[in-house]
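Trainee: Please take me closely through one part of this model, and state each cut-off as you come to it. I would like to follow the arrangement from the backbone outwards.

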Amino acid sequence: MENLLGLLRVRVRKGINLAVRDTISSDPYVVLTMGQQKLKTCVVKNNCNPEWNDELTLSITDVNVPITLTVYDRDTLTLDDKMGDAEIDIKPYTESLKMGSENLPNGCIVKRVQPSKTNCLSDESCCVWNNGKIVQDMCLRLRNVECGEVVLQIEWIDLPGRKAFSNET
């Protein structure tokens with residue numbers, strides 16, 4: 001694991017207006033995949049506006065490897081139904097980490113990321129300096145489904161003895 005840059009904590013907050021996959025609702029959960037890593041949230045029963053508030057942590061070796069978020073509906077007797085997917089683009093976030101923000105006041109916006117055809121953002125997303133760390137809140141519009149968004153936050157965790165994105169050379 002010598003090429004490990006650090007850890008990325010993904011706080012999967014909630015789903016908004018997720019698709020109905022059962023009779024009147026769904027039992028949604030989120031799966032994050034990056035390379036060989038696969039993590040999932042808890043299942044929220046009978047809710048198309050679930051609140052997961054789960055923290056998932058990915059090991060990052062390459063910031064260019066895409067992180068895919070997929071929402072599924074938990075089924076008992078059949079395969080779980082897919083309820084859409086999105087890609088989490090961490091490049092703008094890692095760029096903000098390289099800026100060196102140590103002397104900024106809490107709540108200071110380091111970088112603004114606009115929704116575009118190349119990302120899954122449904123609204124502007126800001127990288128914010130908060131309590132000694134930069135966090136990015138984002139609302140992702142799900143693809144390959146009729147409706148739904150997922151709200152999450154990402155935060156970098158440096159490994160002891162390593163500063164992957166320090167501006168020192």
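**A sheet, its partners and its loops**

Mentor: Asn144 is exposed, with a relative accessible area of 66%, where exposed means over 50%, buried under 20%, and partly exposed in between (1.4 Å probe, protein chains only). The model is predicted, so to speak of local features needs pLDDT of at least 70, and side-chain atom pairs count only at pLDDT 80 or more, while totals for chains, interfaces and linings use all residues. Residues are numbered from 1 along each chain as its sequence is written, and side-chain values use heavy atoms, with hydrogens and water left out.

Asn144 sits in the loop between β9 and β10, a strand being a DSSP run of E with at least two residues, numbered from the N terminus. Although Asn144 is not a glycine, its phi is positive, at about 60°. A further asparagine, Asn131, also has a positive phi, here of about 50°, and is likewise not a glycine. Asn131 is placed in the loop between β8 (125–130) and β9, and with 62% relative accessibility Asn131 counts as exposed.

The strands that these loops connect belong to an open sheet of six strands, whose order is β4-β1-β10-β9-β8-β7 and whose pairing is antiparallel; two strands pair if DSSP finds at least two bridges between them. At the borders of this sheet are the edge strands β4 and β7 (108–113), each of which pairs on one side only. On average, and with direction ignored, neighbouring strands of the sheet are turned by 20° against each other, the axes being lines fitted to C-alpha atoms and the angles running from 0 to 180 degrees between N-to-C directions. Strands of a sheet pair through backbone hydrogen bonds, either parallel or antiparallel.

Within this order, β1 is the strand to follow in detail. Eight bridges pair strand β1 (residues 6–16) with strand β4 (residues 51–60) in the antiparallel sense. Two positions fix the register on this side: Gly6 has Ile60 in β4 as its bridge partner, and Val12 stands opposite Asp54, again in β4. On the other side, β1 and strand β10 (residues 149–157) run antiparallel and are joined by nine bridges, with Val10 having Ile154 in β10 as its bridge partner.

Glu51 gives a view of the edge strand, as this residue is found in strand β4. With a relative accessibility of 56%, Glu51 counts as exposed. In sequence, Glu51 is 41 residues apart from Val10, while the C-alpha to C-alpha distance between the two is 14 Å.

A second open sheet can be set beside this one. It has four strands in the order β3-β2-β5-β6, with antiparallel pairing, and its edge strands are β3 (37–40) and β6 (81–88), each pairing on one side only. From one strand to the next, the twist averages 20°. Strand β5 (residues 67–73) pairs with β6 in the antiparallel sense, and six bridges join the two. On that border, Thr70 stands opposite Asp85 in β6.

Finally, the cysteines deserve a check, with a disulfide taken as a pair of cysteine sulfur atoms within 2.5 Å. By this rule the count is zero disulfides. For Cys108, the closest cysteine sulfur is that of Cys126, and the two are unbonded because 11 Å is too far for a bond. Cys108 itself is partly exposed, with a relative accessibility of 24%. Cys147 is in no disulfide either, the nearest cysteine sulfur being that of Cys48, 7.7 Å away. Cys147 has a relative accessible area of 25% and therefore counts as partly exposed.
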